[in-house]
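Me: Got a minute to go through this model with me? I'd like to start with the cysteines and then look at some helix packing.
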Amino acid sequence: MSRVAFVTGGGRGIGAATARRIAREGIAVVVADRDLDAARVVAADIGGLAVRVDVSDSAAVDAAVARAVEWGGGLHLACNNAGVTGTRAELADYPDDVFWRVQRVNVGGVLACMRAQLPHLLAAGGGAIVNTASGAGLGGVARSAAYVASKHAIVGLTKTAAVEYATRGVRVNAVAPGLVRTGLVQGLDDFTAAHPIGRAAEPEEVAEAVWWLLDDRSSFVTGAVLPVDGGLLAAVPGLS
Ligand SMILES: NC(=O)c1ccc[n+]([C@@H]2O[C@H](COP(=O)([O-])OP(=O)(O)OC[C@H]3O[C@@H](n4cnc5c(N)ncnc54)[C@H](O)[C@@H]3O)[C@@H](O)[C@H]2O)c1
């Protein structure tokens, strides 16, 4: 029986590239997205299962993970990647409703997904989870309070889960991408110059890092937050 992976936000961008990358390993992939049409396109290409889920709805997440297990006969790997950015405003002006909507999707989504996935990973004898954080999970970004707070929280959830499950065969890590060429960041090309490599990433470059963290080749890596950012966080501002 093939191993089974669950990828949220799998219909587009980094999630779609990750679903395709994992499928190349012969793993059965569940492509979970709030946009079912987008998930279906990816799932059809890779022989996976498309499921509609809004990750901010924990009951819907439970149902989607249960459906994945029913379809694949178990669950071994997960990439909790669905996320939204919110609005751009300075902190004193940041709208409450947008702030909490971003937390519900980005933080609540990762929590709900891991909570639903972990019992199945344990039942399978172990597995691995990679959450999609961001460079904005490791440092501040002006006019992005909701997104930055949510991505820092994802780092915290990742490290906590890593510590809790380390002796039980489940590794939990995160990737922290810089700017990646997806629909999420259209119009943010002005950030490209901040990356020492001099360009934004392709989604496939992040997917490759996710796959390495999911794969047994990273068997001693847990609780790590891997920058995939063309040197963005390594640069000393003003000197680079
Ligand atoms: N693109 C970047 O530069 C960049 C950088 C760092 C981190 N990230 C993170 O990578 C992740 C993926 O971003 P992307 O750039 O591929 O974005 P994208 O917009 O191209 O794709 C996101 C996918 O997630 C889905 N989605 C959004 N909200 C959802 C929800 N509530 N429930 C289920 N699915 C939902 C969307 O339908 C879409 O298919 C996000 O967590 C984002 O914060 C992106």
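Me: First up, is Cys 79 buried or exposed?
Reply: Keep in mind that this is a predicted model. In it Cys 79 is buried, with a relative accessible area of 0%.

Me: And Cys 113, what's its relative accessibility?
Reply: Cys 113 comes out at 1%, so Cys 113 counts as buried too.

Me: How many disulfides are there?
Reply: The count is zero.

Me: Why no bond for Cys 79?
Reply: The closest cysteine sulfur to that of Cys 79 belongs to Cys 113, and it is 9.9 Å away, which is too far for a bond. A disulfide would need the two sulfurs within 2.5 Å.

Me: OK, switching to helices. What angle do H1 and H2 cross at?
Reply: Roughly 15°. H1 covers residues 13–23 and H2 covers residues 36–46, and their axes come within 10 Å. Angles under 35 degrees count as roughly parallel, so H1 and H2 are roughly parallel to each other.

Me: What's the handedness of the crossing where H1 passes H2?
Reply: That crossing is right-handed.

Me: Which residues make the contact?
Reply: On H1 the contact uses Ala 16, Ala 19, Arg 20 and Ala 23. On H2 the partners are Val 42, Asp 45 and Ile 46.

Me: How do the residues of that contact divide into nonpolar, polar and charged?
Reply: For H1 with H2, five are nonpolar, two are charged and none is polar.

Key
Residues numbered from 1 in each chain as written. Predicted model: local features only at pLDDT ≥ 70, side-chain atom pairs only at ≥ 80, totals over all residues. Heavy atoms only, no water. Axes fitted to C-alpha atoms, helices over the stretch in contact; angles between N-to-C directions. Helix = DSSP H or I, 4+ residues; strand = E, 2+ residues; numbered from the N terminus. Parallel < 35°, antiparallel > 145°, perpendicular 65-115°, else oblique. Left-handed = near helix turned anticlockwise from the far one by under 90°. Contact = heavy atoms within 4.5 Å. Nonpolar A, V, L, I, M, F, W, Y, C, P; charged D, E, K, R; others polar. Buried < 20%, exposed > 50% of the residue type's maximum accessible area, 1.4 Å probe, protein only.
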